[in-house]
Structure formats: C-alpha cells, structure tokens
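Q: Could you take a close look at one part of this structure for me, the sheet and whatever packs on it? I'd like one connected walk-through.

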Amino acid sequence: MIHSFLNMYTADIGARTTNTVEMLLSLPAATYPGREEQVSFYDRLTTDLEAIPGVESASIGAPPAGGIPGLRSYELVGGPPVDERSRPRVAAATIGPDYFRTLGVQVLFGRDFNDSDGASGLPVAIVNQRFARQHWPGAKALGQRLRLFDGETPEASLTIVGVTPNVVYDPRRQEVSPVVYVPYAQHAYRGPWVLVRTAVPVGGLITTLRREVRALDPDVIMWLGPYDLADRLASEGFYGSTRNSTALLLIFAVTALLLAAVGLYAVVAHSVSQRTREFGIRTAMGATGRDILALVFKQGMLSVGIGLTLGLAAAVVVTPVLRSDLVQVSPVDPVTLAVASAALMVSAMLGCLIPARRAMRVNPVVALRHE
C-alpha cells in the first residue's frame with residue numbers, strides 16, 4: 001500500500017493542475033430544456049470567464065484525477081461484428097473547445113474540437129493514446145470511425161479527428177484507461193464540469209468567477225472549490241483519502257511487526273532460561289561466547305525461516321484481495337515482499353540479541369548448580 005501510494009502521488013497525470021480551477025454547474029431544466037439552450041449558456045459563460053483579467057482559458061470537461069468518465073459500449077465501424085453481450089466499453093468524456101489547452105495538453109495528431117463541431121457539423125471524436133494504440137498504431141487512428149451506444153441504442157458514427165496524450169482520471173487504476181472525447185456542442189447536457197486556467201494564483205479569482213456565473217443566471221446551482229486542482233488533490237482528493245488508508249495500514253503493519261519481534265524475543269528468552277545448565281556445560285567444555293551466540297541465533301532464525309516461508313505462501317494467496325487498491329504494483333511484487341521479509345529478519349535478529357547476550361554471560365559454576 002505504501003508503494004502504491006508513492007506511485008500514485010508521484011505519477012504524472014498528464015495535465016496541468018496548478019492554477020486550474022474546477023466548478024460543477026447544474027442548469028435549471030425549465031430554463032434550459034434542450035441542447036441549443038444549454039450550448040448557448042456555456043458558450044456565453046466561457047466567453048465571460050475568459051474576459052476576466054488573469055484568466056487564460058476556460059472550457060467544459062471532466063477534471064483530471066476527478067473520477068473516470070462514464071463508461072459506454074462501443075464498436076468500430078467497419079470492424080468485425082461483435083455480440084452485444086461482449087461489446088467492449090470505453091470511458092466517454094464530453095468536452096468543449098480549448099479543453100486540452102486549458103489543461104496544458106498538446107494534441108499529438110490531428111486537431112482539437114472547434115466551433116465547426118456543432119450540432120449541424122460532422123459527428124466527430126478525439127481519442128487518447130491508450131485507445132488509439134489499442135486499435136490503430138501511430139496516426140492511423142485519424143479518419144477511423146466508431147459508434148457509441150446509449151444502452152443498447154446505437155448512436156451516429158463518429159469520425160476520429162485527433163489523438164491526445166493520456167490524461168489520468170483515476171490515479172488508483174493500475175493502468176491508464178482508454179478514453180473517447182466527444183464535443184459538448186453535439187452531446188450537451190445540463191450539468192458538466194467547467195475548468196478555468198489562470199495566470200495568477202486562483203485564490204483571488206474565486207469570488208470573481210462565482211460572480212460571473214451568478215450574473216449570467218442566478219438560478220444556476222454551482223459548486224466551486226476554494227483552491228486549485230493541485231491543492232484539491234493533495235488535501236482532500238484521491239491522494240488525501242489514500243494517504244489516510246495507507247497511514248492506517250502502516251500503523252497495523254508496525255504493530256504487527258512489534259508483536260512479532262516481542263513474541264519472538266519472549267519465546268527465545270524463555271528457551272534460553274530453560275537451557276541455562278546446557279550453556280554452562282558447553283562453556284565449561286570450551287565453548288566460546290561466539291559459539292553460544294551462534295547457537296541461540298540458529299534456534300531463533302530457524303523459527304523465523306519457517307514463519308517467513310509460511311507467511312510468503314499466505315501472502316501470495318491473500319494479497320490479491322488488495323488488487324483493486326494497488327497502483328502499478330503487483331499483489332505479489334517481489335520488491336515489496338523482499339523488503340517486508342528483510343524487516344522481519346532484522347526485527348527477529350534484534351529479538352534474539354538480548355537473550356543471546358544473556359546466555360554468553362552464564363557462569364559455568366552457577367549453571368552446574370542450577371536445577
């Protein structure tokens with residue numbers, strides 16, 4: 001879990017998170033019943049937001065590390081037929097123009113969405129590298145077509161016009177998910193995320209951003225965080241929640257390690273006390289302190305060896321239960337198991353050291369009189 005947390009915390013999510021504000025809006029259904037009204041509102045909103053001094057760009061779309069977009073069934077147009085029960089699924093994200101520019105992402109092949117990708121335009125899509133490599137290597141994805149499904153109902157086929165780098169929407173996943181992006185103007189809905197990229201710290205702009213939304217329509221329901229996306233991730237997002245669970249498991253692990261070391265010490269110490277006469281006889285017959293030390297350590301480490309063998313075998317069987325909580329770490333990661341085993345070996349050696357040193361100081365005369 002510690003290895004997973006470090007992997008997630010240090011991973012590149014593929015987008016800029018500093019000076020990037022996220023807000024979630026919900027339009028009243030009575031005022032914005034259809035796609036035309038919804039698109040018109042967000043066009044006016046992004047224009048007004050970009051006019052604020054200090055704002056570089058604004059767009060619509062899910063924030064990175066904000067949860068994976070909804071999964072949709074899909075099929076490749078012109079590909080082999082697929083049974084509806086085994087149809088693959090892909091994360092489908094609805095975004096507006098300048099979404100990738102707002103996140104500091106460069107389109108690799110093709111183009112970004114623009115104003116021509118409206119309701120009357122050609123149905124288009126952009127895919128991430130993961131999806132493109134899954135079906136077509138390199139720039140061969142451009143011009144290919146796919147079809148998303150609304151439940152079991154097929155939608156219009158989409159022509160791929162761009163390929164973008166992978167943006168991580170769920171840092172807890174073992175690998176980046178394939179994503180298909182569709183333009184908001186063709187797939188509008190009342191409650192998307194709005195992202196705003198600023199050239200200055202966001203703290204001084206939060207009130208202004210909130211005022212611009214209220215000025216456009218005071219009936220819009222709005223959630224706007226008090227800080228930027230990077231701070232949200234570090235404090236209360238995936239990193240924060242995972243850090244808490246990792247800390248809790250670390251406490252359990254340290255407690256278990258201490259119990260193991262204390263238990264081993266108690267067993268070995270008791271065994272040494274039962275063998276006081278034996279050690280005295282060995283010393284009287286010429287055994288050195290090093291010999292006694294080796295004897296005690298041999299006994300203690302033999303128990304540890306048996307325990308590690310059983311423990312590692314159990315770990316191979318049990319730790320796959322944690323697979324869904326691991327990030328880029330195998331449940332039987334050899335490095336993790338080696339480090340854990342080494343920690344147990346060191347604690348066992350410390351548990352053996354005190355009774356071994358006591359055995360080395362046994363007086364042969366006292367030992368021979370001991371009953």
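A: One definition before we start: buried means under 20% relative accessible area, and exposed means over 50%, with partly exposed in between. Keep in mind that this is a predicted model.

The part to look at is an open sheet of four strands, in the order β2-β11-β1-β12, with antiparallel pairing. Because β2 (55-60) and β12 (221-224) sit at the edges with a single partner strand each, one side of each has no neighbour in the sheet. Going from one strand to the next, the twist averages 20°.

Now for the pairings. Strand β1 (residues 20-26) runs antiparallel to strand β11 (residues 193-198), and five bridges join the two. If you want a spot to zoom in on, Leu24 has Trp193 of β11 as its bridge partner. β1 is also joined to β12 by four bridges, again antiparallel. There, Met23 stands opposite Leu224 in β12.

That Leu224 belongs to a neat pattern, since the side chains alternate along β12. Met222 and Leu224 are buried and point to one face, whereas Ile221 and Trp223 point to the other face and are not buried.

Then come the helices. Helix α2 (residues 35-50) packs on the sheet, where it touches β1, β2 and β11. Its direction makes about 165° with that of β2. Helix α5 (residues 206-216) lies across β1, β2, β11 and β12, and α5 runs at about 165° to β12.

Note on methods. Residues are numbered from 1 along each chain as its sequence is written. This is a predicted model: local features need pLDDT of at least 70, side-chain atom pairs count only at pLDDT 80 or more; totals for chains, interfaces and linings use all residues. Side-chain values use heavy atoms; hydrogens and water are left out. Two strands pair if DSSP finds at least two bridges between them. Axes are lines fitted to C-alpha atoms, for helices over the stretch in contact, and angles run from 0 to 180 degrees between N-to-C directions. Contact means heavy atoms within 4.5 Å. Buried means under 20% relative accessible area, exposed over 50%, partly exposed in between (1.4 Å probe, protein chains only).
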